[in-house]
Amino acid sequence: MAEKKVRFIIERQDGPNEKPYNQEFDVDYRPGLNVVAALMEIQKNPVTVDGKKVAPVTWECNCLEKVCGACMMVINGVARQACCALVDEIQQPIHLQPARTFPVIRDLLIDRSVMFESLKKIMGWIELDGSWEVKDAPIQNPYTAQTAYEISHCMTCGCCPQSDFIGPAPTVQAYLFNLHPLGKFDAPKRLNALMEKGGITSCGNSQNCVEVCPKSIKLTTYLAQLNRDVNKQALRNIFNK
Amino acid sequence: MAKDMSKKKIAIVGGGISGLLATIKVCEAGGEVDLFSYCPVKRSHSLCAQGGINACMDTKGEHDSIYEHFDDTVYGGDFLADQIAVKGMVEAAPKLIKMFDRMGVPFTRTSEGVLDLRNFGGQKHKRTCFAGSTTGQQILYALDEQVRRWETKGAVTKYEFWEFIRIIKNKEGVCRGLVAQNMNTMEIRSFRADTVILATGGPGQVFGRCTASTICNGSAVSAVYQQGAEIANPEFIQIHPTAIPGSDKNRLMSEACRGEGGRVWVYKDGQPWYFLEEMYPAYGNLVPRDVASRAIYKVCVHMGLGINGENRVYLDLSHIDSGYLERKLGGILEMYSEFVGQDPRKVPMEIFPSVHYSMGGIWVDRKHNTNIPGLMASGECDYQYHGANRLGANSLLSAAYSGTVSGPEAMRWAKEGNRGSELTDEELEAARREVQNEYDKILTMNGSENAHKLHHEMGDLMYKYVAIERDNNGLDTCLVELKKLLKRWDDIGITDHSNTANQEAMFVRQLRNMILYAMAITKGARMRDESRGAHAKIVLENGKQKHDEDGELVFMGRDDERFMKVTIVNYDEKTEDPIVTYRDFDHSLIKPRARNYAVAKKE
């Protein structure tokens with residue numbers, strides 16, 4: 001009996017400034033097979049369906065548990081994590097492409113440093129005096145803490161589109177820090193940063209982000225609340241002039 | 001802005017919890033950090049820690065005490081951990097939790113808004129602080145944020161997607177820098193540093209399939225081992241009892257499942273048999289990991305009672321209220337549903353033990369200095385704190401605590417240490433050239449072996465001979481086979497000759513390091529003729545595994561006289577073999593006693 005195969009059509013690119021091209025690979029089917037596991041099989045035997053021996057496909061992955069955010073790519077046209085893309089649940093042949101919302105380094109490997117730069121712009125941290133002991137940390141409302149926990153799952157994967165707008169993921173992180181009893185001291189600074197070019201006013205409210213978020217973070221809800229906070233801050237800025 | 005040349009420069013390799021906390025401490029002390037990582041530090045493996053972090057907060061009316069945490073850790077580690085070091089860690093734990101709370105870690109809270117606590121293995125009190133079931137992710141993110149803040153102030157320069165290759169010593173033998181390679185452009189460069197801290201995590205990938213991330217390969221540890229750093233207790237590999245078996249990786253199902261009331265069972269004579277509860281009435285499902293893993297292995301492999309005859313047992317949460325489960329364990333239950341396609345709120349999960357953590361690692365003193373002056377190690381890559389078995393939720397603690405020790409010590413050494421001469425430009429270039437030549441040579445390899453296939457074979461070997469049950473026949477065989485693998489490495493053929501993100505060439509280099517690390521683990525296990533913690537060795541009789549009258553395997557006992565000592569492994573440059581010796585350590589505070597989880601712990 002011929003072994004069941006899974007066909008992959010992979011959009012490859014040899015370097016940042018090279019032209020993309022497609023290559024096709026067959027991988028032995030097994031139950032529970034996911035896209036990362038299939039790419040690992042190609043590493044062991046990098047031969048195309050035409051029998052051509054080629055360089056193994058380049059991509060990024062770490063945890064394979066959908067927590068690290070590394071293996072985001074476009075699978076059958078949708079940006080998602082490859083580790084939890086089970087072959088049984090997606091249409092074959094399976095098309096893999098790099099997420100071209102970011103610069104491509106090689107094959108499926110992309111450069112997402114812009115997202116981490118955005119986290120600097122929104123001052124995504126608590127202004128700690130230092131890592132030394134001060135006293136007890138403030139008590140927090142458990143319901144607010146639960147909201148914070150939800151937003152804090154954002155793994156900076158980049159599934160949500162990052163246009164000239166600094167992007168839903170980093171923007172919503174501003175909301176997270178404004179929720180914290182110490183973080184809220186610097187809320188005006190974060191809100192002012194979001195007023196700048198490429199800030200929250202660039203959000204087209206297309207709702208795309210919330211649909212693709214692999215962590216089901218209610219991005220649009222928090223963007224709306226943040227938008228309100230930014231408007232209030234803008235008014236405060238006028239009156240305090 | 002011109003750089004202040006008088007500032008001390010600390011190179012930190014690895015951006016998990018330990019590396020990031022060390023970074024913060026160095027910055028606070030006025031130093032500058034070059035931070036090297038395989039990936040954006042926010043994607044480091046610390047984020048896979050799920051269940052929580054231990055600290056005696058004593059907020060549940062159970063009269064928990066720091067001493068109790070101390071004793072549980074030492075007892076759980078089967079009396080092989082340096083007790084002074086452990087004491088320092090458990091005393092600092094509550095302060096670290098308060099610091100994380102201020103940093104914004106979204107810990108799960110009680111109705112009063114204070115931190116909630118849960119039960120964990122090997123401990124009788126609620127002592128584990130947690131953020132749902134993604135505690136490591138949340139702590140890592142808070143530290144990532146603080147380091148980003150230091151980055152904007154110019155104190156931290158990140159080298160993400162750079163691979164550490166080796167340290168550079170000056171002519172006095174002091175570590176004064178390192179060589180690293182850009183994983184995208186393949187540029188190889190030398191860096192000066194006043195102190196180098198390795199915080200590179202564990203070697204899980206040596207076993208192939210494990211709960212670790214693909215980046216946890218132990219390659220950096222092996223590299224410095226080959227440069228003279230001692231590895232300590234490498235044979236103590238933690239096998240986690242509850243993981244979802246997978247062909248690409250075994251995915252962890254947190255001990256928190258059992259901490260929140262989960263029960264482990266299989267069918268026996270048509271009835272559910274809660275074997276952990278029966279075998280260990282005092283601790284039940286919350287026995288430490290080495291004990292639980294051996295029991296599951298025995299039930300499946302020796303008694304043949306695994307689910308459908310396969311190596312699987314049930315981990316059952318289905319009797320617990322689903323709203324409660326969602327709040328306490330949401331993240332991992334979702335993961336199980338996603339990868340297995342069944343809802344653990346309704347049906348029992350199917351799990352089996354998997355390689356998870358290394359208690360051993362680079363030998364360090366209590367300040368985290370290695371035997372090479374100027375080189376430090378911190379976090380899972382060091383050997384400190386856990387002895388022969390680590391308690392669940394003590395790893396986030398040791399990762400964090402070690403960073404708070406290694407960071408300030410790196411600055412002290414940079415200011416006061418006997419560092420000898422500065423590296424000259426020629427010395428820097430010579431080190432770079434050597435690594436470049438090695439790399440260029442890999443690119444020309446045109447043999448018949450595939451590196452990823454060799455890696456797979458190595459994982460199978462290590463699981464077969466150096467996992468839950470070991471014996472000296474198997475360990476001898478394994479050493480011979482690993483030597484053969486090392487030889488076959490020379491016959492690898494490369495298909496990728498690109499100068500952009502050449503992951504194949506980098507993997508070939510890592511693989512060689514991994515094989516040498518595997519040999520250190522196996523040799524450590526071969527020489528330790530006793531059973532202690534995660535290291536369980538079967539007695540041989542006439543060259544065969546010995547069974548008692550009931551047909552049960554006979555294991556060696558714990559031998560404090562000969563083996564209450566730290567295994568020290570040195571690398572023999574000529575033969576490439578590991579050389580094992582033993583070293584005393586401090587166990588002056590708690591007198592060793594027999595470890596038995598069938599009964600309540602006596603102090």
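## Reviewer's note on the structure

1. Tyr385(B) is found in the loop that lies between strand S19 (375–377) and helix H10 (395–416) of chain B, and the reader should keep in mind from the outset that the model is predicted. The phi angle of Tyr385(B) is near 85 degrees, which is a positive value in a residue other than glycine. Most residues other than glycine have a negative phi, so this backbone setting deserves a mention. Because Tyr385(B) has 23 C-beta neighbours inside 10 Å, and 20 or more count as buried, this residue is classed as buried.

2. Chain A offers a parallel case in Thr156(A), whose phi is near 55 degrees, again a positive value in a residue other than glycine. Thr156(A) sits in the loop between H3 and helix H4 (168–179) of chain A. Is Thr156(A) buried or exposed? With 22 other C-beta atoms within 10 Å, Thr156(A) is buried.

3. A further backbone feature of chain A is the peptide bond that runs from Gln92(A) to Pro93(A), which is cis, with omega near -5 degrees. Most peptide bonds are trans. Pro93(A) belongs to the loop that separates strand S4 (78–81) from strand S5 (94–97) of chain A.

4. On the overall architecture of chain A, the model shows seven helices and seven strands, and their order along the sequence reads β-β-α-β-β-β-β-β-α-α-α-α-α-α. The C-alpha atoms of chain A, taken along the principal axes, fill a box of roughly 75 × 40 × 30 Å. Of the 241 residues in chain A, 46% are buried. When contacts in chain A between residues at least 6 apart in sequence are considered, 62% of them join residues at least 24 apart.

5. The interface between the chains brings 56 residues of chain A into contact with 56 residues of chain B. On the chain A side, the elements that contribute two or more residues are helix H1 (35–44), strand S6 (104–106), helix H2 (113–121) and helix H3 (142–151), and the largest share, five residues, is that of H1(A). By residue class, the side of chain A that touches chain B comprises 29 nonpolar, 17 polar and 10 charged residues. As for confidence, the predictor assigns the complex an ipTM of 0.97 and a pTM of 0.97, while chain B averages a pLDDT of 96, with 99% of the residues scoring at least 70.

6. The largest nonpolar core has 257 residues, and those with the most contacts inside it are Leu198(B) and Ile362(B). The element that gives the most to this core is helix H14 (residues 503–527) of chain B, with 14 residues. Which residues surround Leu198(B), once its neighbours within four places in sequence are left aside? Leu198(B) is then in contact with Val13(B), Gly14(B), Ala220(B), Val221(B), Val224(B), Ile362(B), Ala377(B) and Cys381(B).

7. The domain assignment of chain B gives domain 1 (239–354) and domain 2 (427–559), and the centres of these domains, taken over C-alpha atoms, are separated by 29 Å. Six residues of domain 1 of chain B are in contact with six residues of domain 2 of chain B. Helix H8 (residues 289–302) of chain B gives the most to the domain 1 side, with four residues. That side divides into three nonpolar, one polar and two charged residues.

8. An open sheet in chain B is formed by six strands in the order S13-S12-S17-S16-S14-S15, with antiparallel pairing. Strand S13 (251–252) and strand S15 (271–273) of chain B stand at the edges with a single partner strand each, so one side of each is left without a neighbour in the sheet. Within chain B, strand S14 (residues 263–268) and strand S16 (residues 313–316) pair in the antiparallel sense over three bridges, and Trp265(B) stands opposite Tyr314(B) in S16(B).

9. A last remark concerns strand S22 (residues 566–571) and strand S23 (residues 578–583) of chain B, which run antiparallel and are joined by six bridges. Asn570(B) has Ile579(B) as its bridge partner in S23(B). The hairpin of S22(B) and S23(B) has six residues between the strands, and in this hairpin Glu576(B) takes a positive phi near 65 degrees.

Technical notes. Residues are numbered from 1 along each chain as its sequence is written. Chains are lettered from A and ligands numbered from 1 in the order in which they are written. This is a predicted model: local features need pLDDT of at least 70, side-chain atom pairs count only at pLDDT 80 or more; totals for chains, interfaces and linings use all residues. Two residues are in contact if their C-beta atoms, placed from the backbone, lie within 7 Å. Ala, Val, Leu, Ile, Met, Phe, Trp, Tyr, Cys and Pro count as nonpolar, Asp, Glu, Lys and Arg as charged, and the others, Gly among them, as polar. pLDDT is the predictor's confidence in each residue, from 0 to 100. A nonpolar core is a set of buried Ala, Val, Leu, Ile, Met, Phe, Trp, Tyr and Cys residues joined through C-beta atoms within 7 Å. A residue is buried if 20 or more other C-beta atoms lie within 10 Å of its own, exposed if 12 or fewer, and partly exposed in between; C-beta atoms are placed from the backbone. Domain bounds come from an automatic or database domain assignment. Two strands pair if DSSP finds at least two bridges between them.
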